[in-house]
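Please look over the sequence and the structure below before reading on. The paragraphs that follow go through the structure part by part.

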Amino acid sequence: MGVSERYQEIQREIESLRSASRVSIIAVSKFQPQEKVVQALRAGCLHFGENRVQEGLEKFRDLGVPNRDFVLHHIGPVQSGTLRKYVGMYSYAHGVGSIASWDELKKRLEKDKWKMGIFLQVNLTGEDSKSGFAEQEIPRILAKESNLHTEFCRLEGLMTMGPSSGDPTETRRVFHQLGRIRSDYFPAGKLSMGMSGDYRIAVSEGSDFVRIGSAIFGERS
Ligand SMILES: *Cc1c(COP(=O)(O)O)cnc(C)c1O
């Protein structure tokens, strides 16, 4: 199977798992060649994820108009050195893990008049290898409603990653927990959770954006 067949098969599978509400598939094209991105575009894929900002810029620059021909998501931790490179290309950032980086991003977007939606990353596994806010910090942050959205930087939702072990029971617990945090503190927010190995669990736990790389594009080179 090629890229377009795999993308369409996953799309059908997700629709059958949850026909009532829409789930957006972000095709994670990090470390994949541009030709595979073109195949996914032809198959009707709109959302793409990259974790190196510069790599995404180079890959997508000549593939059309951002937000019309494709929607580009940055899925790694937000880093101050690369914020200016979002401008004109990236529409979402899924790895906002500190108030400082959120503030910095707000300032940058305001200055350059570029709109983005952001996801706060929540670390629900306690693994040191994963960045993000601790669960206890979230209620206090979301309580300050007035600060959450600015004209150029709106808070789209919450993002998390399942446990590295891949254990299905633990994975479900983590995704369920993010769903609870959403319904308790941010009902209008979207959920970004689920990757190649655990997107089925994520979809059944209410994910709105799944971030799928290798299951669509094959192993990364
Ligand atoms: C690489 C990556 C993905 C996609 O991983 P696959 O296992 O290839 O689907 C999703 N989310 C984040 C944050 C990633 O870094």
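**A walk through the model**

Ser24 has a relative accessible area of 11%, so this residue counts as buried, the limit for that label being under 20%. The model discussed here is a predicted one. Ser24 is part of strand β1. When residues up to four places away in sequence are not counted, Ser24 touches His47, Asp208, Phe209 and Val210.

The loop between β1, which spans residues 24-28, and α2 holds Lys30. The UniProt entry, which is unreviewed, annotates Lys30 as "modified residue: N6-(pyridoxal phosphate)lysine". Is Lys30 buried or exposed? Its relative accessibility is 17%, and therefore Lys30 counts as buried. Leaving aside neighbours within four places in sequence, the residues in contact with Lys30 are Gly49, Glu50, Asn51, Glu55, Lys59 and Arg220.

Phe31 also lies in the loop between β1 and α2. With a relative accessible area of 30%, Phe31 is partly exposed. The backbone of Phe31 deserves a look as well. Most residues other than glycine have a negative phi. Phe31 has a phi near 60°, which is a positive value in a residue other than glycine. Lys113 is another case, with a positive phi near 55°. Lys113 is found in the loop between α4 (99-112) and β5 (116-123). Its relative accessible area is 54%, so Lys113 is exposed, since that label applies over 50%.

Next comes a helix. Two of the residues in contact with Lys30, namely Glu55 and Lys59, are among the buried residues of α3. Helix α3 runs over residues 53-60, and 6 of its 8 residues are buried, which leaves the helix mostly covered. The buried ones are Val53, Glu55, Gly56, Leu57, Lys59 and Phe60. What lies over them? The cover includes α2 (34-42), β2 (47-50), β3 (71-74) and β4 (90-96). As background, an α-helix has 3.6 residues a turn, so residues three or four places apart point the same way.

Phe60 of this helix also takes part in a ring pair. The whole structure contains 6 aromatic pairs. One of them joins Phe48 and Phe60, whose ring centres are 5.3 Å apart and whose planes meet at 55°, so this pair is tilted. Phe48 belongs to strand β2 and Phe60 to helix α3, 12 residues apart, and the pair thus links distant parts of the chain. Both Phe48 and Phe60 are buried. Ring pairs also bring in Phe70, giving a cluster of Phe48, Phe60 and Phe70.

The ligand is the next stop. Which residues surround the ligand? They are Val28, Lys30, Ile75, Met159, Met161, Met195, Ser196, Arg211, Ile212, Gly213, Ser214 and Arg220. Polar atoms of the protein approach the ligand at several places. Arg211 has a polar side-chain atom 2.9 Å from a nitrogen atom of the ligand. An oxygen atom of the ligand lies 2.8 Å from a backbone N or O atom of Ser214. Arg220 places a polar side-chain atom 2.8 Å from an oxygen atom of the ligand. On its own the ligand has 390 Å² of accessible area, and the protein covers 89% of that area.

Ser196, one of the residues that surround the ligand, sits in the loop between β8 and α8 (199-204). A relative accessible area of 18% makes Ser196 buried. What does its side chain reach? The side chain of Ser196 makes a polar contact of 3.4 Å with the side chain of Ser214, and it reaches the backbone nitrogen of Ala215 at 3.0 Å. Not counting neighbours within four places in sequence, Ser196 is in contact with Arg211, Ile212, Gly213, Ser214 and Ala215.

The last residue on this route is Leu191, in strand β8 (residues 190-192). Its relative accessibility is 0%, so Leu191 counts as buried. Leaving aside neighbours within four places in sequence, Leu191 is in contact with Phe119, Leu158, Leu178, Gly179, Arg182, Glu205, Gly206, Ser207, Asp208 and Phe209. Among these, Asp208 and Phe209 are also touched by Ser24, where this walk began.

How values were computed. Residues numbered from 1 in each chain as written. Predicted model: local features only at pLDDT ≥ 70, side-chain atom pairs only at ≥ 80, totals over all residues. Heavy atoms only, no water. Buried < 20%, exposed > 50% of the residue type's maximum accessible area, 1.4 Å probe, protein only. Helix = DSSP H or I, 4+ residues; strand = E, 2+ residues; numbered from the N terminus. Contact = heavy atoms within 4.5 Å. UniProt positions renumbered as here; feature names shortened; annotations may be inferred. Near = heavy atom within 4 Å. Polar contact = N/O pair within 3.5 Å; in protein donor to acceptor, adjacent residues only side chain to side chain. Areas by Shrake-Rupley, 256 points an atom, 1.4 Å probe, with all protein chains shown as cover. Phe/Tyr/Trp six-rings, centres within 6.5 Å; stacked < 30°, edge-to-face > 60°.
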